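Here are my notes on this one, as numbered points. Have the model open while you read, and start with the term I lean on later.

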Amino acid sequence: MGCIQSITCKARIRRENIVVYDVCATIDQCPTRIEESSPIVLRYKTPYFKASARVVMPPIPRHETWVVGWIQACNQMEFFNTYSDLGMSSWELPDLREGRVKAISDSDGVSYPWYGNTTETVTLVGPTNKISRFSVSMNDNFYPSVTWAVPVSDSNVPLLTRIKRDQSFTTWLVAMNTTTKEKIVLQTIKWRMRVDIEVDPLQLLGQRARLVGRTQQEQPRILSRMEPIPPNALVKPNANDAQVLMWRPKRGPPLVVIPPK
């Protein structure tokens with residue numbers, strides 16, 4: 001009986017048998033780029049957050065499938081676009097804003113719970129009789145469009161005066177047994193992206209907007225401890241599908257401009 005138990009025990013993949021090295025997490029040291037080519041929208045492109053790691057997985061002794069890769073969740077989001085003294089539009093995650101959840105999945109919307117399924121993950125199908133060496137990597141940035149005019153107006157008059165955005169994310173490197181759903185957190189990274197743009201709508205197109213505040217983002221933190229993954233970070237909806245565009249006028253009730261998907 002003792003032999004059977006020890007064989008079963010040895011057949012399990014444990015955290016101490018997985019080697020993770022060359023973990024890297026950076027945000028490009030360049031400013032957010034503003035694009036004013038369209039008479040309808042201002043666009044801005046932030047620098048990229050990039051994460052990568054090398055992993056050595058032990059042999060998989062059973063008929064099991066393991067996936068190793070990146071899972072990301074949004075922990076906090078403020079995204080306000082001010083239109084003179086009329087009010088502001090804001091992208092919001094209601095469950096996160098109201099404190100009903102601690103995080104919302106930032107999956108690509110297809111590969112739940114993974115951030116993506118190209119360079120972001122590696123799949124290992126057992127049984128295997130030798131170790132597996134591989135790298136996994138991901139990157140993320142913002143590249144949205146913001147209307148020059150009030151989004152609930154029929155007018156095309158540019159009134160946008162400020163864009164402020166502040167978002168925080170947690171990114172986990174995870175080994176997951178797709179057969180048993182066992183998850184082993186291998187690394188935890190925290191990062192934040194902030195954008196602050198002043199706009200003078202009276203200026204000519206191409207000369208309206210300028211970046212204010214910090215020109216470079218603070219660098220990500222690779223945590224020395226492993227942080228657990230909240231349940232909402234693993235399932236639908238992802239942040240893109242859950243977000244709502246609100247119009248919050250200085251006078252009058254708020255309006256839903258774009259509901260969640």
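1. A word on exposure before anything else: a residue is called buried under 20% relative accessible area, exposed over 50%, and partly exposed in between. Arg-33 comes out at 45%, so it counts as partly exposed. Keep in mind that this is a predicted model.

2. Arg-33 has a charged partner. It forms a salt bridge with Glu-35, and the closest N and O atoms are 2.9 Å apart. Glu-35 has a relative accessible area of 17%, which makes it buried. So this pair joins a partly exposed arginine to a buried glutamate.

3. Now the small sheet. It is open, has 3 strands in the order 2-3-10, and the pairing is antiparallel. Strand 2 (33-35) and strand 10 (145-147) sit at the edges; each has a single partner strand, so one side of each is left without a neighbour in the sheet. On average, neighbouring strands here are turned by 25° against each other, ignoring direction.

4. If you want to check the register, look at strand 3 (residues 41-45) against strand 10: the two pair in the antiparallel sense over 3 bridges. One handle for the eye is Arg-43, whose bridge partner in strand 10 is Ser-145.

5. How many salt bridges does a search of the whole structure find? The count is 18. As background, side chains of opposite charge can pair when their charged atoms come close.

6. The salt bridge I'd look at for sequence separation is Arg-12 with Glu-182, at 3.4 Å from N to O. Arg-12 lies in the loop between helix 1 (2-10) and strand 1 (19-27), while Glu-182 lies in the loop between strand 11 and strand 12, so the pair ties together parts that are 170 residues apart in sequence. Both ends are partly exposed: Arg-12 has a relative accessible area of 37%, and Glu-182 has 26%.

7. Another pair worth a click is Arg-100 and Asp-95, whose side chains meet in a salt bridge at 2.8 Å, N to O. Arg-100 is exposed, with a relative accessible area of 55%, whereas Asp-95 is partly exposed at 34%.

8. There is also a network: salt bridges link Arg-162, Lys-164, Asp-196, Glu-198 and Arg-210. Two of these names, Lys-164 and Asp-196, come back among the residues nearest the centre of the second largest pocket.

9. On to the pockets. The largest has a volume of about 420 Å³. Its lining takes in 23 residues, and Asp-106, Arg-165, Ala-239, Asn-240 and Gln-243 lie nearest the centre. Strand 5 (65-83), strand 11 (160-177) and helix 3 (239-242) each supply at least two lining residues. By class, the lining holds 12 nonpolar, 5 polar and 6 charged residues.

10. The second largest pocket holds about 240 Å³ of space. It is lined by 15 residues, with Lys-164, Arg-165, Arg-194, Val-195 and Asp-196 nearest its centre. Strand 5, strand 11 and strand 12 (183-199) each give two or more residues to this lining. The lining divides into 4 nonpolar, 4 polar and 7 charged residues.

11. Last thing to look at: which residue is listed nearest the centre for both pockets? Arg-165 is on both lists. Strand 5 and strand 11 likewise contribute to the lining of the largest pocket and to that of the second largest.

How values were computed:
Residues are numbered from 1 along each chain as its sequence is written. This is a predicted model: local features need pLDDT of at least 70, side-chain atom pairs count only at pLDDT 80 or more; totals for chains, interfaces and linings use all residues. Side-chain values use heavy atoms; hydrogens and water are left out. Two strands pair if DSSP finds at least two bridges between them. Helices (H or I, at least four residues) and strands (E, at least two) are DSSP runs, numbered from the N terminus. Axes are lines fitted to C-alpha atoms, for helices over the stretch in contact, and angles run from 0 to 180 degrees between N-to-C directions. On a 1 Å grid over the protein atoms alone, a cavity is a set of points where a 1.4 Å probe fits but cannot get out, and a pocket is an open set with protein on both sides within 12 Å along at least five of seven lines; lining residues have an atom within 4 Å of a point. Grid points are joined across faces, edges and corners, and a volume is the space filled by probe spheres set on the points. Ala, Val, Leu, Ile, Met, Phe, Trp, Tyr, Cys and Pro count as nonpolar, Asp, Glu, Lys and Arg as charged, and the others, Gly among them, as polar. A salt bridge is a side-chain nitrogen of Lys or Arg within 4 Å of a carboxyl oxygen of Asp or Glu. Buried means under 20% relative accessible area, exposed over 50%, partly exposed in between (1.4 Å probe, protein chains only).
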